[in-house]
Amino acid sequence: MLHPAVRSGDRGYGPNSERQGAEGHGAEGLDDGCPDVERGGATLLLLALGLVFVLVGTFGAAVTAAGMAAQRAAVAADLGALAGAARALDGDAVACASAADIVHRNAGRLVDCLLDGLDVLVTVEVAFTPLPGLTRAAASTARAGPVRG
């Protein structure tokens with residue numbers, strides 16, 4: 001007859017618990033001298049997952065910065081063209097100076113200004129930094145003039 005503490009569902013508590021622990025069947029058998037190859041696996045998985053989140057976040061921020069710079073360039077070009085068209089009767093130099101002033105106030109750089117009759121065509125660049133140490137420029141062109149119909 002078996003001892004009452006030794007049953008098939010024994011958890012390692014009883015007279016045979018030392019033998020079960022040495023065989024690795026009980027909870028105490030974790031440190032049996034063999035290296036456990038799965039130790040730290042979850043830590044590495046979480047670090048890798050964290051790195052993926054950081055990279056995706058950085059990429060998303062760079063794409064967002066590029067989109068915002070393109071929008072700022074379009075707004076600066078539109079406003080610059082309207083300001084230049086308002087002064088088109090005063091000549092090429094005055095119209096382009098007015099356009100340049102508005103473009104600079106909107107954090108842009110006037111690349112080109114052309115007076116074509118009463119129409120003003122301006123090209124604007126806006127610099128942005130998608131990643132530290134990396135500077136790019138978004139460009140936009142706009143035309144403004146009298147309504148034709």
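Strand 1 and strand 2 run antiparallel to each other, paired over seven bridges; strands here are DSSP runs of E with at least two residues, helices are runs of H or I with at least four, and both are numbered from the N terminus. Two strands pair if DSSP finds at least two bridges between them. This is a predicted model, where local features need pLDDT of at least 70, side-chain atom pairs count only at pLDDT 80 or more, and totals for chains, interfaces and linings use all residues. Residues are numbered from 1 along each chain as its sequence is written, and side-chain values use heavy atoms, leaving out hydrogens and water.

Here are the two pairings side by side.

| Strands | Bridges | Hairpin glycine |
|---|---|---|
| strand 1 and strand 2 | seven bridges | G117, positive phi near 70° |
| strand 2 and strand 3 | ten bridges | G133, positive phi of about 85° |

Each hairpin has two residues between its strands. As for partners, D112 sits opposite T123 in strand 2, and V126 bridges to A138 in strand 3.

Now for the core. A nonpolar core is a set of buried Ala, Val, Leu, Ile, Met, Phe, Trp, Tyr and Cys residues joined through side-chain atoms within 4.5 Å. The largest one has 18 residues, and V120, V122 and V124 are among those with the most contacts inside it. Helix 3 gives the largest share of this core, five residues.

What about S140, in strand 3 (residues 134-144)? With 16% relative accessibility, S140 counts as buried, meaning under 20% relative accessible area (over 50% is exposed, in between is partly exposed; 1.4 Å probe, protein chains only). Beyond its neighbours within four places in sequence, S140 is in contact (heavy atoms within 4.5 Å) with residues including A77, V122 and V124.
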